[in-house]
Amino acid sequence: IFPDYVSKRTNTIASGVVIKSNDSIYPCAVPDLGCSFHVVELDGVSKEDLYKAPGLFEELNLLLAGEKEANSFDCDNLDFVKQMMLYGHDSTANLFSDDRKKHYENNGRYEIDSSIPLSEAIFPSEKNVNKLNKYQGHFLEILAPSNINEKKVYLLIHSGCHMLADNFMMKYYPEFAKLSYIKQWSDKEQVIAGKFRIKTGYGYEKTYFNDVNGLLNFAIAYRDIIEYRVVKLIKSLLGVNINAKLLSDYSHTKIS
């Protein structure tokens, strides 16, 4: 149990816990799959500079709402979104001049089994892919350093992908709850409480983990794009040279 322990959803496993199991998956233990803290140091700009920039925060709000331009986060192209799901940071590394792989958990990419197709019920189609151009996060903050004389700020992107995480839950929670009850791996009360389990070794977990990794990969690349767009907007409005340095991208909800 961690200090951020909190009951986020009624009658399910709370956030702020780690569950270790030798032979089972607990699907409801991870409600916000793929969500992470992406922290970037912006050197060359101060908190005061940001407040003086005309309309900066209004422009940021428009960008995050998907109203800044047609392709706010470049996620209206389904082929590109598929690359994000397959390759994670490798699909967006070209946006940055530095080699930053070491700053990502697992070097910014989780392996996808090419013999197992990603579930169509989870990942976007031509009809709804444009919804990803709206910020799919919990929050975004710009933080000032404790030393007020430092001309730098920190960008904190707390984001996964609400749309894909919801699709993931809608596919696997009912399916696995029914399976767990039929196979007698969990009783009725455990199923209702969201504390049911799926035993590994039956093949069900292969598709599940492949979809987990596809969602993780997309979320990593998605945070890259958000960082790139936000920093680009700040640079254009302030008219100054800003050095953006990734400090870390670390998932706080994951299955391994």
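Visitor: Which residues does Cys75 touch, and what makes these contacts?

Guide: Cys75 touches Val81, Met84, Val129, Asn130, Leu132, Asn133, Phe218, Tyr222 and Ile225, leaving aside residues up to four places away in sequence. They are called contacts because heavy atoms lie within 4.5 Å. This is a predicted model, where local features need pLDDT of at least 70 and side-chain atom pairs count only at pLDDT 80 or more, while totals for chains, interfaces and linings use all residues. Residues are numbered from 1 along each chain, and side-chain values use heavy atoms, without hydrogens and water.

Visitor: Why is a set of residues called a nonpolar core?

Guide: The name applies because its members are buried Ala, Val, Leu, Ile, Met, Phe, Trp, Tyr and Cys residues joined through side-chain atoms within 4.5 Å; buried means under 20% relative accessible area (1.4 Å probe, protein chains only). The largest such core here has 63 residues, and Leu42, Phe73, Cys75 and Phe218 have the most contacts inside it. Its largest share, 15 residues, comes from α6.

Visitor: What makes the largest pocket a pocket?

Guide: On a 1 Å grid over the protein atoms alone, a pocket is an open set of points with protein on both sides within 12 Å along at least five of seven lines, and lining residues have an atom within 4 Å of a point. The largest pocket has a volume of about 910 Å³, the space filled by probe spheres set on the points. Its lining has 34 residues, with Val17, Val18, Ile19, Val30 and Lys254 nearest the centre.

Definitions and conventions
Buried means under 20% relative accessible area, exposed over 50%, partly exposed in between (1.4 Å probe, protein chains only). Helices (H or I, at least four residues) and strands (E, at least two) are DSSP runs, numbered from the N terminus. On a 1 Å grid over the protein atoms alone, a cavity is a set of points where a 1.4 Å probe fits but cannot get out, and a pocket is an open set with protein on both sides within 12 Å along at least five of seven lines; lining residues have an atom within 4 Å of a point.
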